[in-house]
Amino acid sequence: MDYSIKIGGEAGQGIQTIGGTLAKVFARTGCHVFTHQDYESRIRGGHNFYQVRLADRPVTSSRDGIDIIVALDKESISLHERELNENGLIIYDSEALRQKHEGPHFLDVPFLTLAVENSGSKIMANTVAVGAVLGMLGMDLEVLFGSLRETFSKKGDEVITGNINAARAGRDFAVKYCQKCSFDVGAIHELPLQAKMLITGVDAIALGAIASGVKFYSAYPMTPSTGIMNYIAGKEEEYGIIVEQAEDEIAAINMALGASFAGVRSMTGTSGGGFALMVEGLSLAGMTETPIVIALGQRPGPATGFPTRTEQGDLQFALYTAHGEFPRVILAPGTPEQAFYLTNKAFELTEKYQVPVIIIFDQHLADTEWTFEKFDPDKIRYADMRLRGDALSGMTEYKRHAFTESGVTPLAVPGDSRHLVVTDSDEHDEEGHIVEDAETRIKMLDKRLFKKMPLIRQEIEPPMFYGHEAPEIVLAGWGSTYGVMKEAVDALSPTLDKGGQGGGIAMLHFSEIYPFPPTDKFNYLDILNNAKFAICIENNATGQFARLVRAETGYEFKYKINKYDGRSFTLDELEKEIAARLNKTNP
Amino acid sequence: MPTLQDYKGQNPAWCPGCGNYSILKSFKDAMIEMDIEPHRIALVSGIGQAAKLPHYTKCNTFNGLHGRALPVAAGMRLANHGLPLMVFTGDGDCYGEGGNHLLHNMRRNLNIKLFVHDNQIYGLTKGQASPTSMEGMTTRNQPFGVFSEQFNPMAAAVALDCSFAARAFSGDMAHLKEMIKAAYNHRGFSLVDILQPCVSFNKINTYEWYKERVYHIGPEHNPEDRSQAFTKALEWGDRIPIGIIYKNSRPALEDRIPIIKDMPLVRQLFDPSKIKDTLQEFY
C-alpha cells in the first residue's frame, strides 16, 4: 500500500484543512505518512497544493504519481491531471468549479450541496471532501469523528454533529458512485493499532528547544522559520518562556545575546535574508563567547528569491559569514526526529563551549509532516552550565574571560553575586575590559578558537551510513535530502544489487556538518574512495556541500545531482537522475 | 555605602576637556548618593566615545556593537528584570546606527535608562556630521554643509509617548546628576539626552555656545501634559531647555508579562518533566 493524495486549490479555500485532517486521520490509524505543501507567497488565491502520502511502511519523500486528486479549483485539474497513476481519480464539485468532466477518472462529488443538505452550512464542504476521500479508500470514519470532536470541541455540539454528518454524506456518496475505486488499504489492518506522531520540521525544532530549557526566543517573522516562534509562543505560559518579536533581525539576535548573557538559554530563528542582517551579531557572539542557538531556515535566494519554496543554498554562507575568526557549530537535521535531538545538541554545545550554534534547515524540512512511533524525552540532555547562586557567591574571584585549559570560562549570572560580569565586543582582557595589546590578543584568540575547536570537533558525530555495507554506489548529502535519498536506496537496492557481484547502493547522510566530522569513529572517506559512483545530491545549483567535503577532506565528488528550481526532489525524480548518471558513465 | 573607589575603572582614553568626563563623574556621584553598589546594576553600551564609559568605571557590563546596545539591554531586562540597566550611548550610536531600536524600545517600554552623550558630531570616526548636527554645519564629509533636518530626540520621545524624556548638559553637573537620578527612579523607558561639547571636532556647539543658551525648565512646565511637553521639546536655538520635558506612567513591559510577575525569568527553574505531555499533542 502506497498512495498519494493531492489536494489543490486557491489559498484560503481550505486545502490545509483537508490535507491536514487526512494526514492526522491516517497517522492515528497507524499508517506511515509523509506530506508536503506547495504554496505561493500570498494569503488568498493562486494555486497551491497539499500532498499526502500514506503507506504501510515508512515513507520519507513525495512521489510524482498521484492516486487521488481533490480539485478545489480548475488548475488542480489542468495542471495535475497528467500526474494521475493508472486507476487514479480526480474528485471535484462541478457546481463549485462550474465545469463538468466526463472521463472515467473523474468523480463529481457535490461537496457544497451535500454540506448544505446534511449540515446546514456550506462551510462544511471541506469535511464532505475528507469523508469522500476516506470513502474512496474504503476507510472507517470513526478516527475522523474523534478528530472532528477535538477540533470543534469549543464550537459546540451543533458544529460537531454538522461536521460528522457532512463527513458521512461525503463517504456515502463516494461509496455509492465511485464504481472505479479500486484502492486497497487492507494492509493498514496488518499494522499495529497504534497511533503515530505526525510532526513537521519546525515544530520538532521548537519542541527540541523547549525540551532543552529555552527561556528566551526573539525573532522577526520570516518564512520558513516563523513556525518555530509560533509554536514556542504557544508554550510561553506553560514553560515560562519569553518570546519577543523584534523590530528587525539585528535586534532579534542582539536581544537573544543580551538574554543569554543575563543567564537564560536563548535562541533566535530566521531565513537567509534575516540571517544576513544578523551576521554582525553572530560575530559578537563569537567575540563575547555568549551562548546562542540560531535556527536558519533556507529558502531560494538571492535576495527575496522564492519566499515560500525550498533550497539548500545557504550552507557556504552559514559556514563562512561574519567578520573575524571564531568557532561555530553547524547542524543540519534531515528529519523532524533529527531536528528534535539536534536542537538539544545545539543547546548543549552552545552552553558548554560558548560558541554560536546554527541549525540549518530549509522550507522542505520546515513544512513537511512525517510520522514517527515516538520521540524519546529520556534521550534529551540538560545540564545547567551557568555559574549562579551560592556556587558563584562562594568564589573568591571571578573573571568572565579568564584563561583556562579548555578555553572555556564558566559564564556567571550578572547581578547574582558581588562578582562583576563584564564582556566586550572589543578585544578584551580576562576581566572583559577593552585592551589594545598584542600579547592579550593572541592569548584571547587562542582561547576562543584554537583551544575550543578540537574539543568541539570530538563531539561531532559521523554521517549516517545506510544501505549496502560495501556499496558500489554511494548517495551523499546533507540536511533535508535525507528522506528522498533513503527511499532511493531502498527503491534501487533490489534492481542494482547483484548479490556478491557488486552493485550495492548506500547513503552517507551528514547532519553534523561543522566542525566537519572526524573519521576516527567511522571512516566514511573509505566508503567514498571505494565506491565506483559516489554522487553528491544537493538542492542547490553549485554543490556547496561537495565543495566543503573537498575543502575539509580533499575528496572530490565526480558525480553530482543538483536541483535548484525551488522545489524539493521527489523520489521518482531522484531515481531518474541517478539512473542517468549511472547510464552515462556505464553504457 | 559605596565610594568613588568602588566605581574606579581604567583611565579614560578621551580627549582632555571632553564632556564625557563630567558625565562619567555625574554618573558615579549619582550612584553613590543613591547608595547603589556596582554589582547591583549593569551597564550596556554600543560603540563610540560614549560607549567606552563602562570601561572607565566598574559594573556588570555588556559592551556590544555599534547601534545595538538597546536590543542587548532589552534581552537582558526581559531575562532579569531584577537587575537595573543603564545604557550609555552617543548621538551617532543611538540616533543614527541604532535609530530603529530607539523607536521600538520607546514603544516597548522596558525599564531601561538610556543616556545619550549628544555632542552633535561623530567623535570616534573623527568629525563627520551626526543625526543631531545642525543644518548647515560643514565637515570634511559634508563640504556643502549638512542638508538633513536635525534629529530632535525630545520631540521624537514625546511623539512616541516615551515614558520619560529629559535633557541635560555636561557643563551643569549638579543638574545632570539630578537628571540621572530622576531617570533611574522613574519606572519605564527613560531617555536623557545629554548635550556635550566635542572639543576636538565640533567648533560650533562649544561650551560657550551651550552655556549661553541652556536654561533650567521651571515649575511652570507640567511634564505630564503631552501637548505642553511637545512645545517644550521643539524649543531649540537661542534658548535650549534642560530638565524633564515629558513623563508618563505607562506600565513598564516587565510589569505586564504574566510569567515574570512573581519572579525574574533567570530565577525560574526549568522543569523537563512536562515535555512528555507536550509530545502527546502530536498524536
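**Chain B and its contact with chain A**

Of the 283 residues in chain B, buried ones make up 49%. Keep in mind that we're looking at a predicted model here. As for secondary structure, chain B comes to 9 helices and 8 strands. Lay its C-alpha trace along the principal axes and you get a span of about 70 × 45 × 40 Å. The radius of gyration of chain B is 20 Å, which agrees with the value near 19 Å that a compact globule of 283 residues would have. Then there's the contact pattern: among the chain B contacts with a separation of 6 or more, 71% come from residues 24 or more positions apart.

Now for the place where the two chains meet. Chain A brings 53 residues to the contact, and chain B brings 45 residues. On the side of chain A that touches chain B, several elements each supply at least two residues, including the helices α8 (201-211), α11 (249-262) and α12 (272-288), as well as the strands β7 (197-200), β8 (216-219), β9 (242-245) and β15 (422-424). The one that gives the most is α11(A), with 10 residues. By residue type, this side of chain A divides into 31 nonpolar, 11 polar and 11 charged.

Have a closer look at β15(A), since it also joins up with a strand across the contact. β15(A) pairs with strand β2 of chain B (residues 60-63) in the parallel sense, over 3 bridges. To find the spot in the structure, start at Thr423(A): its bridge partner in β2(B) is Phe62(B).

Terms used:
Residues numbered from 1 in each chain as written. Chains lettered and ligands numbered in written order. Predicted model: local features only at pLDDT ≥ 70, side-chain atom pairs only at ≥ 80, totals over all residues. Contact = placed C-beta atoms within 7 Å. Helix = DSSP H or I, 4+ residues; strand = E, 2+ residues; numbered from the N terminus. Nonpolar A, V, L, I, M, F, W, Y, C, P; charged D, E, K, R; others polar. Pairing = 2+ DSSP bridges. Rg over C-alpha atoms; globule rule 2.2 N^0.38 Å. Buried ≥ 20, exposed ≤ 12 C-beta atoms within 10 Å, placed from the backbone.
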